[in-house]
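Dear colleague,

Please find below the sequence and the structure that I am handing over to you. My notes on the findings follow directly after.

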Amino acid sequence: MRVMIASVMHESNSFAGNFVPFSHFERRGVLHGAAIPPAYAGTRTEMAAFITAGAEQGWDIVPALVARGTPSGPIDAAGFARIIELLAAATRAALPVDGVLLALHGAFSSEAEDDGDGAFAATVRAIVGDGVPISITLDPHGNVSDRLAASVNAISAYRTHPHTDHFEAGQRAAKTLARALRGEIRPVVHLARAPLLRGFDACRTTPADGPMQRAMARARALEAADSGIVEISVQAGYSSADVFQAGASVAVTGDGHDPRFAAAAAEMVRLGWDERHRETVKMLTAAEAFAEAMAVPAGRGPVVIADFGDAPNAGGHGDTTALLALILAVKPTNTLVAAVADPAAVRAAQGAGVGGEISIALGGHVAPSQGGGPIDVVARVVSLADGIYVHEGPYTTGVTGDLGASALLDCGGVLVIVTTLARSIFDLAQVRIFGIQPEDFDLIAIKVMDAFRAGFAPIMRTAICCETGGTTSRFHVTLAFNKLRRPIWPLDPDDVVARHAGYLP
Ligand SMILES: [Zn+2]
C-alpha cells in the first residue's frame with residue numbers, strides 16, 4: 001500500500017492587521033519528499049506518528065509536502081496560491097496512492113480564501129479521486145468547514161490542551177486509515193457545528209472536571225457504546241478568525257452513513273452549548289494580575305503571569321507593553337519578562353555587545369493602541385542568542401524552534417528577553433538559551449495562552465492569567481466580525497442563538 005503523508009498548517013488571525021507572504025512559511029522550512037522523514041525523526045509529532053505507523057503497517061510511505069507557519073495574520077493571496085500549487089504538484093507526483101494522511105490545523109485562512117484547510121483537502125481529494133481514503137489530524141482550535149468534512153474520510157483532533165498528544169492523534173488517524181485500507185470500515189465524517197464562537201472552555205484539559213474533559217468522557221462513552229463510531233473529534237474552535245466556519249464543532253467519523261452518527265455529533269454540540277458559560281480560567285486585567293502576583297506567598301519556583309491578550313502562539317504581535325510597564329514601574333526582584341518582540345531592540349543590543357548599555361523605546365511598536373505603546377528604557381545587555389532551541393516538551397518535544405536573533409536585557413534589575421520574531425514562551429528551553437534557568441525566578445511574565453502549562457507546570461508556584469488588550473484579546477465585542485455565521489454566542493443574545501439552533505421553541 002502506498003500512503004501519501006503531508007502537513008500544511010497555520011493559525012490565521014484575522015485581527016492581526018496584516019497578511020503574511022509565503023516566506024513566512026519558509027522561515028520554518030517548507031519541506032519536500034525525502035527531506036521530510038529525517039526532519040521528524042525523534043519528535044512527538046503527527047508526521048512522526050504517520051511514518052512510524054507506515055513502518056508498522058508495511059506501507060510504502062510517500063512524503064509529499066510540509067508547509068507550516070507560526071500563527072500570524074492570514075497568508076496573502078500569492079502565498080496561498082503557491083501552497084495550493086505545491087500541494088497539488090506533490091500529490092500528483094505521489095500517484096498512485098492507496099491512502100492519504102494529512103496533518104492540518106483547521107484555522108488556515110488567507111487573503112484569497114477563508115477556508116484554507118477545506119481548500120487543501122479538496123485539492124488532494126480531486127487529485128487522488130473519491131475511492132482513496134483520506135484521514136486527517138486537526139488542532140482542536142480548528143474551525144471546521146463543511147467542505148473540509150466532506151473532502152476527507154476521518155478526523156482525529158488532539159485531545160489535550162496544552163497539546164501534548166500530537167503523536168497520539170497521528171496514530172489514531174493512521175489506525176483509521178489502516179482499517180479503511182483493510183476494508184473493515186468505510187469511514188465518513190459527520191460534522192455538527194455549535195452556535196458558539198468559543199466552546200468547550202477553549203478545550204483546556206488541565207482542569208480535571210472542565211467542559212472539555214467532560215466532553216472527552218462523553219465522546220469516549222459514545223465510541224465504546226457503538227462500534228460503528230470510529231472516532232469523535234471535538235474542536236473548541238479558533239475565535240480570532242473572521243470566517244464563516246469559526247467556532248466550536250464536533251466531527252463524528254462513522255462507518256458509513258447513518259443518522260445516528262449525526263445525532264451523536266448533535267448531542268456533543270449541545271453539551272458544548274449547555275456548558276458555554278463554564279470557563280476554568282479566571283481572566284484578570286494586567287493591573288489585577290500584577291497585584292495578585294505580588295500577593296502570592298513566598299515559595300519555590302516562579303509565579304507565572306500569562307498574557308492571553310497578546311499571545312504570538314495565537315497570532316498576537318508579542319510586543320504589547322501594558323504588563324511590562326507595571327513591572328518596570330515597581331521592579332520586583334528576581335523577575336523575568338519573556339519575551340518582547342522588538343527587532344530594533346535586538347539590533348541595538350547586538351551593536352552594544354554583551355555588557356554594553358543601550359537606550360531604547362521598548363515594545364509597543366506594531367499596534368500601540370492595542371495593549372500599550374513603546375516604553376523608554378536604559379538597559380544593559382546580559383547575553384545574546386541566535387534564538388534557536390529544541391523543545392524540551394512535553395509540548396512538541398524534540399522540535400526545533402526559532403525566536404530569531406535575540407537578547408537578554410537587564411532593565412534596572414528586571415530581566416527582559418527581546419526577540420526578532422514574535423514567539424510565545426511556553427517551553428523552558430526557550431529561556432535556557434539565554435544562560436538563565438526559569439526555575440530560579442520568582443516572577444515570570446509571558447505572552448501565551450494555555451500552552452505554557454505543559455512546560456511550566458512542573459516548576460511554577462502558581463499561574464495568573466490576564467488580558468492586556470492585544471490582538472488576541474478575547475473581548476470579542478471589541479473586534480469587528482463581518483463573515484462569521486450569525487447568530488452566535490457570545491456575540492448575539494442567548495435566546496436568539498438558542499432559538500436559531502433549535503434549542504428553544
Ligand atoms: Zn491549538
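Which domains does the domain assignment of the protein give? The model is a predicted one, and the assignment gives domain 1 (2-274) and domain 2 (283-474). The centres of domain 1 and domain 2, taken over C-alpha atoms, are separated by 31 Å. As for the contact between them, 22 residues of domain 1 touch 23 residues of domain 2.

Second largest pocket

Both domains take part in the second largest pocket: its lining draws at least three residues from each of domain 1 (2-274) and domain 2 (283-474). The space in this pocket amounts to about 470 Å³. There are 25 lining residues, and those nearest the centre of the pocket are Asn18, His24, Ser72, Leu421 and Ala422. Sorted by class, the lining of the second largest pocket comprises twelve polar, eight nonpolar and five charged residues.

The six-stranded sheet

One open sheet has six strands in the order 2-3-1-4-5-6, and its pairing is mixed. Strand 2 (31-32) and strand 6 (154-157) are at the edges with a single partner strand each, so one side of each has no neighbour in the sheet. Further in, strand 1 (residues 2-9) pairs with strand 3 (residues 60-68) in the parallel sense, over eight bridges. Within strand 3, valine 62 is the bridge partner of methionine 4.

Two helices lie across strands of this numbering. Helix 5 (residues 116-128) lies across strand 1, strand 4 (99-104) and strand 5 (134-138), and runs at about 170° to strand 4. Helix 7 (residues 166-181) lies across strand 1, strand 4, strand 5 and strand 6, and its angle to strand 5 is about 165°.

The three-stranded sheet

How are the strands ordered in the open sheet that three strands form? The order is 7-9-8, with antiparallel pairing. The edge positions belong to strand 7 (187-193) and strand 8 (229-235); each has a single partner strand, so one side of each is left without a neighbour in the sheet. On average, neighbouring strands of this sheet are turned by 15° against each other, direction ignored. Strand 8 and strand 9 (residues 249-255) run antiparallel and are joined by six bridges. Opposite serine 233 stands alanine 251 in strand 9.

With kind regards

Note on methods: Residues numbered from 1 in each chain as written. Predicted model: local features only at pLDDT ≥ 70, side-chain atom pairs only at ≥ 80, totals over all residues. Heavy atoms only, no water. 1 Å grid on protein atoms, 1.4 Å probe; cavity = no way out; pocket = protein on both sides within 12 Å on 5 of 7 lines; lining within 4 Å. Points joined across faces, edges and corners; volume = space filled by probe spheres on them. Nonpolar A, V, L, I, M, F, W, Y, C, P; charged D, E, K, R; others polar. Domains from an automatic or database assignment. Pairing = 2+ DSSP bridges. Helix = DSSP H or I, 4+ residues; strand = E, 2+ residues; numbered from the N terminus. Contact = heavy atoms within 4.5 Å. Axes fitted to C-alpha atoms, helices over the stretch in contact; angles between N-to-C directions.
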